[in-house]
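Grab a coffee and open the viewer. Here are a few exercises to work through, each with a solution you can check against the model.

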Amino acid sequence: MNKILIINGHPDAEPFCMALAGAYIRSALDKNAEVRAIDIRDLHFNPNLKIGYEKGSESEPDLFAAWEKVKWAEHLVWVHPVCQGGLPALTKGFIDRVFLPGFALRYRENSVWWNKLLKEKTAHILTAFHQPGLYYWLVFRRPCLNQLKQTTLQYCGIRPFGFTQAGTVSSRLRYKKQNLS
């Protein structure tokens, strides 16, 4: 793994996920890897796939640049918080707009099967959330990990080999409690 792409899916520049991404980058650089990064929050694109995959849609320049980085990388490192049990909305929109049929996979005509176009890549997923990891696994069965690993990465041929979770990350330092009543 000499070419590593860090994909930071946190919508904010300040939280714990930035520290996770930074630590991974420093470690990779210490091992003489080439490292590039995508901070999804800094990209200019519409995360809504308005007309679906069938009709296609015009991709913004930032999405083409992101796709070039994905193609370049041998190893993708996904860093994101778990929001409401799943991926942050912006990260999900990024996946919908970048990991497209024709780029990441190709459907076979008159078949339920598809060709996985990213078979030579591996991945590591780093997540942060506000509950103990064991609880998230036992009670909820890790839906966020399952979604990214199985229905995105493996679907495109990427062999996820690592998962690191940072549970019980406190948000009390950054957010004031809001009265929703």
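What follows is a set of five exercises on a predicted model.

**Exercise 1. Get your bearings: how many helices and strands does the chain have, and in what order do they run?**

Solution.
- Step 1: count the elements. You should end up with six helices and seven strands.
- Step 2: walk along the chain from the N terminus. The order reads β-α-β-α-α-β-α-β-β-β-α-α-β.
- Step 3: look at the burial. Of the 181 residues in the chain, 41% are buried.
- Step 4: turn to the surface. About 10,800 Å² is exposed, and carbon and sulfur atoms supply 53% of that.
- Step 5: check how far apart contacting residues sit in sequence. Take the contacts with a separation of 6 or more: 78% of them join residues 24 or more positions apart.

**Exercise 2. Work out what span helix α1 should have, and find which elements cover its buried residues.**

Solution.
- Step 1: α1 covers residues 16-30, which makes 15 residues.
- Step 2: the expected span is 1.5 Å times one less than the number of residues, so α1 should span 21 Å.
- Step 3: compare with the model. The end C-alpha atoms of α1 are 21 Å apart, so the two values agree.
- Step 4: pick out the buried positions in α1. They are Cys17, Leu20, Ala21, Gly22 and Ala28.
- Step 5: see what lies over them. The cover includes strands β1 (3-8), β2, β3 (75-81) and β6 (122-128).
- Step 6: step just past the end of the helix. There, asparagine 32 has a positive phi of about 65°.

**Exercise 3. Sort cysteine 17, cysteine 156 and threonine 152 by accessibility, then count the disulfides.**

Solution.
- Step 1: recall that buried means under 20% relative accessible area.
- Step 2: cysteine 17 has a relative accessibility of 2%, so cysteine 17 is buried.
- Step 3: cysteine 156 also comes out at 2%, and therefore counts as buried.
- Step 4: threonine 152 sits in helix α6 (residues 143-156). Its relative accessibility is 8%, so threonine 152 goes in the buried group too.
- Step 5: list the partners of threonine 152, skipping neighbours within four places in sequence. You get Ile95 and Gln147.
- Step 6: now the disulfides. The rule asks for a pair of cysteine sulfur atoms within 2.5 Å, and the count comes to zero.

**Exercise 4. Is histidine 44 buried or exposed, and which residues does it contact?**

Solution.
- Step 1: find histidine 44 in the loop between β2 (34-39) and α2 (52-55).
- Step 2: exposed means over 50% relative accessible area. Histidine 44 reaches 63%, so histidine 44 is exposed.
- Step 3: leave out neighbours within four places in sequence. Histidine 44 is then in contact with Glu60 and Asp62.
- Step 4: take the aspartate 62 pair. The two residues are 18 apart in sequence, with 6.1 Å from C-alpha to C-alpha.

**Exercise 5. Where is the largest cavity, and which residues line it?**

Solution.
- Step 1: search the whole structure with a cut-off of 30 Å³ or more. One cavity turns up.
- Step 2: note its volume, about 60 Å³.
- Step 3: read off the lining of the largest cavity: Ser59, Leu63, Phe64, Trp67, Arg97, Val98, Leu100 and Phe103.
- Step 4: assign these to elements. Those giving two or more residues are α3 (61-72) and α4 (89-98).
- Step 5: find the main contributor. Helix α3 supplies the largest share, three residues.

Key:
Residues numbered from 1 in each chain as written. Predicted model: local features only at pLDDT ≥ 70, side-chain atom pairs only at ≥ 80, totals over all residues. Heavy atoms only, no water. Buried < 20%, exposed > 50% of the residue type's maximum accessible area, 1.4 Å probe, protein only. Helix = DSSP H or I, 4+ residues; strand = E, 2+ residues; numbered from the N terminus. Contact = heavy atoms within 4.5 Å. Areas by Shrake-Rupley, 256 points an atom, 1.4 Å probe, with all protein chains shown as cover. 1 Å grid on protein atoms, 1.4 Å probe; cavity = no way out; pocket = protein on both sides within 12 Å on 5 of 7 lines; lining within 4 Å. Points joined across faces, edges and corners; volume = space filled by probe spheres on them.
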